[in-house]
Amino acid sequence: MFKYLPLLWANLGRKRLRTSLTLASIVVAFLLFGLMQTLRVAMTGSPELAGIDRLITMHKTSFVQSLPLAYLNRVKGVEGVVVASSQDWFGGVYQEDRNQIAAFAVEAPTFFEVYSEYQLKPEEKQAFLQDRTAVIVGPMIAERFKWKVGDTIPMRSNIWTRKDDGGNSWPMKIAGIYQASNGDNQSMYFHYDYLNESRAEIRDMIGWVVVKVADPGRSADIARSIDDLFRNSSTETKTSTEKAFIQGFANQMGNIGKLLTFVAAAVFFTMLLVTANTMGQSIRERINEIGVMKTLGFSGAGVTFLIIAEAILVTGLGGLIGLGLAALASKGIGAAVAQFFPVLGMPPATWGIGVVLILLLGGLAAAIPCAQASRLKIVDALRKA
Amino acid sequence: MADESLVRLRGVAKDYKRGAETVHVLHALDLDIPRGDFLALMGPSGSGKSTLLNLIGGIDRPTAGSIEIAGTRTDSMTDGDLGKWRAHHVGFVFQMYNLLPVLTAERNVELPLLLTKLPAAERRKRANAALGLVGLSERAHHKPRELSGGQEQRVGIARAIVSDPTLLLCDEPTGDLDRKSGDEILDLLQALNQQQGKTIIMVTHDPHAAARAKHVLHLNKGQLSRDAAA
């Protein structure tokens, strides 16, 4: 295989402009593919975040509607529920509006029981639980904003105002930087009590309840039992799995994700066709050379191998560059939209799917020239000088 | 002479279909070419010279008859076997050189050796030896567009001899060259025949080129002239 590399490489330099443009279109196609995958995963609910033993109870209409705080204790009493913890959306902003942060007001003592994947040093955890203005933050935002434990940060909320001064500044003291095995490293969690006691608008209302169940196999029954508790009340609930909840949360973005995915898929497919055609044309122009190689003793299978290898060299080069750029771009975009998609980034599986697509694209580009080459009689090929 | 024949054709015919019409290019040819011969094949355009050369070289198949090269029937080989056979036994020299434009002279000459199991260093060594034999060592790293027509043809000859084939088939090797370059190529072919013992069959229109051969065969309307046959 390696002995053919100089020949394959030399063929790429045959028409440099065309090769560059072909490579560029493959790079763009795979960049789009990587971003499309990133968006698809983000829009369909970051399943990495979801625990199989967790349910979410929220307002039947939308998670934007609040629930009475009293619901929390009633949910805790449902058979099969191990622990329940409340959360509320804070709408966090740090310093500038573009620095949107996924900040949640949580029932601190139970938070670590429902989310065992969040780890803190014991002294940080103790500091967090003891101070109601304390906050724990993800390592990525801590690094991004150069925060360290002990800092007091002037968070703002684009939802809640304070009852004491009517302002929206909520100073919080960083008690710890958590490590989460589920990929969420850009969020922040602080005490619900701090929010509830200081906000001007409403009191004793929570956003939703996170429920940990003993037996995930009974999740449907437990969800029904919870919702039955509040049926026919003024605030009915809807309990679903955490994955469904996260998806619903992301769907607040409407169908933009689907639309983007569709557009990117269409562009990707079109580029595949254009690239396949260009590469096919490049090989068709070398019919005479294929005839010469066959004359020298290269078999039909050998020539087919070389054509496919050349096509895959181009698609591989372009594809890997494109995916690499997509991974970098996803990181950048992830930081910008961390409030809505705390784990936004190119899913690792994209590399695997990308490699399959690279091979498919290479195969597709080479298929027609290979078929032509295998049918080609040497004497006919030699006439095409 | 038949016992010493390197190339033996018996009743070889070749027909082509052109639409509904069948064109009879070669008619039941019998031909024996001894090992070490330098044979010039002459004839007007369309007489079947190149077709005959292609049949001997195994890049085309006869409609009828048998072709035996060094005791091996090539007309009944599979395409795969024929390819391997060509790689070992036949060197081709084309009128238009047919070098790969993206490769240097050295890489072009090395091309047939890629089909062998020789290590890279040995392939390179043999390619350079072949280039040395045609007097182009100093042009090894030049691409075809950087060479004159005569030099390109010498690279073509180096490529044809690099795997030390039994038979060298040249299709109008001087047809695209000026007289001086053509003479140099003919000198080279003669040297390969006389010093290396290569058996050469050369198709040519040019009586001046044919004069360099040991024997001349005339082909007209698909039939060999009896009195000129070797």
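**Notebook: the A–B interface and H191(A)**

I began with the interface, where chain B and chain A bury about 1,900 Å² between them, with 70% of that area on carbon and sulfur atoms. I took this area as my entry point because the size of an interface is often given as the accessible area lost when the parts come together. I note here that the model is a predicted one.

Next I looked up which residues take part, and found 22 residues of chain B in contact with 20 residues of chain A. I then searched for charged pairing across the interface and counted zero salt bridges between chain B and chain A, whereas the count of residue pairs in polar contact, both at pLDDT 80 or more, came to four.

Which element gives the largest share of the side of chain B that touches chain A? I found that this share comes from helix α2 of chain B, residues 79-89, which supplies three residues. Sorting that side of chain B by class, I obtained 13 nonpolar, four polar and five charged residues.

I turned afterwards to a single residue, H191(A), which I located in strand β11 of chain A, spanning residues 187-191. Is H191(A) buried or exposed? I recorded H191(A) as buried, because its relative accessible area is 6%, which falls under the 20% cut-off.

I followed the side chain of H191(A) to the backbone oxygen of D131(A), which it reaches at 3.1 Å. Leaving aside residues up to four places away in sequence, I listed the residues that H191(A) touches as A105(A), V106(A), A108(A), F128(A), L129(A), D131(A), R132(A) and A134(A).

Technical notes. Residues are numbered from 1 along each chain as its sequence is written. Chains are lettered from A and ligands numbered from 1 in the order in which they are written. Side-chain values use heavy atoms; hydrogens and water are left out. Contact means heavy atoms within 4.5 Å. Buried area is the accessible area (1.4 Å probe) that two parts lose on being put together, summed over both. A salt bridge is a side-chain nitrogen of Lys or Arg within 4 Å of a carboxyl oxygen of Asp or Glu. A polar contact is a pair of N or O atoms within 3.5 Å; within protein, one must be able to donate a hydrogen and the other to accept it, and residues adjacent in sequence count only if both atoms are side-chain atoms. Helices (H or I, at least four residues) and strands (E, at least two) are DSSP runs, numbered from the N terminus. Ala, Val, Leu, Ile, Met, Phe, Trp, Tyr, Cys and Pro count as nonpolar, Asp, Glu, Lys and Arg as charged, and the others, Gly among them, as polar. Buried means under 20% relative accessible area, exposed over 50%, partly exposed in between (1.4 Å probe, protein chains only).
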